[in-house]
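Please read this report alongside the sequence and the structure, and follow each named part as it comes up. The text begins at the DNA and then turns to parts of one protein chain.

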Protein chains: 2
Amino acid sequence: MTASAVRAETRPSLRKRAGNGAATRDVADDVGLDALVGHAGYAVRRFQIWIFQDFIKTLGEVDIRPTQYSVLTVIGANPGLSQMAVAKRLGIERARLVHLLDSLERRKLVKRIKSKEDRRSHALHLTAQGETALAKFKRLAAEHERHVEAKIGKENRAHLLRILAGFT
Amino acid sequence: MTASAVRAETRPSLRKRAGNGAATRDVADDVGLDALVGHAGYAVRRFQIWIFQDFIKTLGEVDIRPTQYSVLTVIGANPGLSQMAVAKRLGIERARLVHLLDSLERRKLVKRIKSKEDRRSHALHLTAQGETALAKFKRLAAEHERHVEAKIGKENRAHLLRILAGFT
DNA sequence: CGACAATTGTTGTCGTCAACAACAATCTTC
DNA sequence: GAAGATTGTTGTTGACGACAACAATTGTCG
């Protein structure tokens, strides 16, 4: 629909130039309305925006964003982790995790417990309230995942997860 | 897939933690993600971050970021578009496009020409300098795309583009 | 043992980006 | 011609990644 919108107000000429032979070597000259189509980053970015928006909307009733969900999930699966460990695992900076945990702690979903072995670090745990809340979040997240399936197809989603498995 | 992921969460599954007496400091690299695997959004987000970082690095010598590149590409392929049309095509807000164009115009890559038919809007064009610059950007972008191929495989990249074709 | 380096959590700044809201100038429509 | 919509612009808010600096603590090594 975006493409048609553009085409509607563009001059009606100059479509794709089919010259250039069959060469695959020079993508640089592949100029046209769809020059961005061949770029993986663009497609991935648009897809990621769509996914996040659906996630935020689907988890909107519980006010949980993707990053918060990932933090809760990791802590729930590995109780006692330090902030550094969680940050490293999720690929976020420990400086940013501080604010995320502040918010989640204010909502009584997680708690920081001073570690005895290393008095610099905090052992992260879900509260009882956090456990039951996370269970609900996961049900909603599963619903969101079904939206993704409905959008790109069940097999495509599975294939995509396989392709990108190395990044998790 | 999501069903198994969700089911796995009901069990606390404290695998290697729980060692209260053992003073073995775990290295935080082998933290179980468990439920996070199986979420398309998480994999896509991590992949998108990787792609953008490689793009920014590969196009670093010319100081062009992904969004700037997409704007230049669309204008180059469709000279005379209005800002509204470009914004709609790229899925960015017109408010944000203003700053992007300010920057690109300062660098003499694009120019805003007051439209004669609609005196509210600007017709966007590449400058001559912008055209030659974009050619170079596209060569570097193609190099970046080869990095993506090297990362996930040529066929996987092609398949991924096919799966996400609807989002471009 | 003690000086020095490294780590952990924290605070702060900077820049990117999406989402809104408001506004003047300019069409569009009735 | 008046009311309403559109276009570009400015501004604000909040999430987010990247850095830098710091105190407290731990680890290392001479």
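## The surface around the two DNA strands

DNA strand C is surrounded by 23 residues, and the closest of them are Gln53(A), Met84(A), Arg120(A), Glu93(B) and Arg96(B); here a residue is near a strand if one of its heavy atoms lies within 4 Å of it. This is a predicted model, in which local features need pLDDT of at least 70 and side-chain atom pairs count only at pLDDT 80 or more, whereas totals for chains, interfaces and linings use all residues. Residues are numbered from 1 along each chain as its sequence is written, chains are lettered from A and ligands numbered from 1 in the order in which they are written, and side-chain values use heavy atoms, with hydrogens and water left out.

Among the atoms of DNA strand C that lie within 4 Å of the protein, 64% belong to sugar or phosphate, and the rest belong to bases. For DNA strand D the corresponding share of sugar or phosphate atoms is 65%, with the rest again in bases. Which residues are closest to DNA strand D? They are Glu93(A), Arg96(A), Gln53(B), Met84(B) and Arg120(B), out of 22 residues that surround this strand.

The table lists polar contacts between side chains and the strands, a polar contact being a pair of N or O atoms within 3.5 Å; within protein, one atom must be able to donate a hydrogen and the other to accept it, and residues adjacent in sequence count only if both atoms are side-chain atoms.

| Side chain | Partner atom | Distance |
|---|---|---|
| Gln83(A) | phosphate oxygen of DNA strand C | 3.0 Å |
| Arg65(B) | sugar or linking oxygen of DNA strand C | 2.9 Å |
| Asp118(B) | phosphate oxygen of DNA strand C | 3.5 Å |
| Thr67(A) | phosphate oxygen of DNA strand D | 2.8 Å |
| Arg94(B) | base nitrogen of DNA strand D | 3.0 Å |
| Arg112(B) | phosphate oxygen of DNA strand D | 2.7 Å |

Near DNA strand D, the elements that give two or more residues to the surface are H5 of chain A together with helix H2 (40-58), helix H4 (83-90) and H5 of chain B, where helices (H or I, at least four residues) and strands (E, at least two) are DSSP runs numbered from the N terminus. By class, the surface near DNA strand C has five nonpolar, six polar and twelve charged residues, if Ala, Val, Leu, Ile, Met, Phe, Trp, Tyr, Cys and Pro count as nonpolar, Asp, Glu, Lys and Arg as charged, and the others, Gly among them, as polar.

## Inside chain A

H4(A) is mostly covered, since six of its eight residues are buried, where buried means under 20% relative accessible area, exposed over 50% and partly exposed in between (1.4 Å probe, protein chains only). These buried residues are Gln83(A), Ala85(A), Val86(A), Ala87(A), Arg89(A) and Leu90(A). Just after H4(A), Gly91(A) takes a positive phi of about 70°.

Leu126(A) has its place in strand S2 of chain A, and it counts as buried because its relative accessibility is 10%. Leaving aside residues up to four places away in sequence, Leu126(A) touches several residues, including Leu72(A), Ile75(A), Val110(A) and Leu134(A), contact meaning heavy atoms within 4.5 Å.
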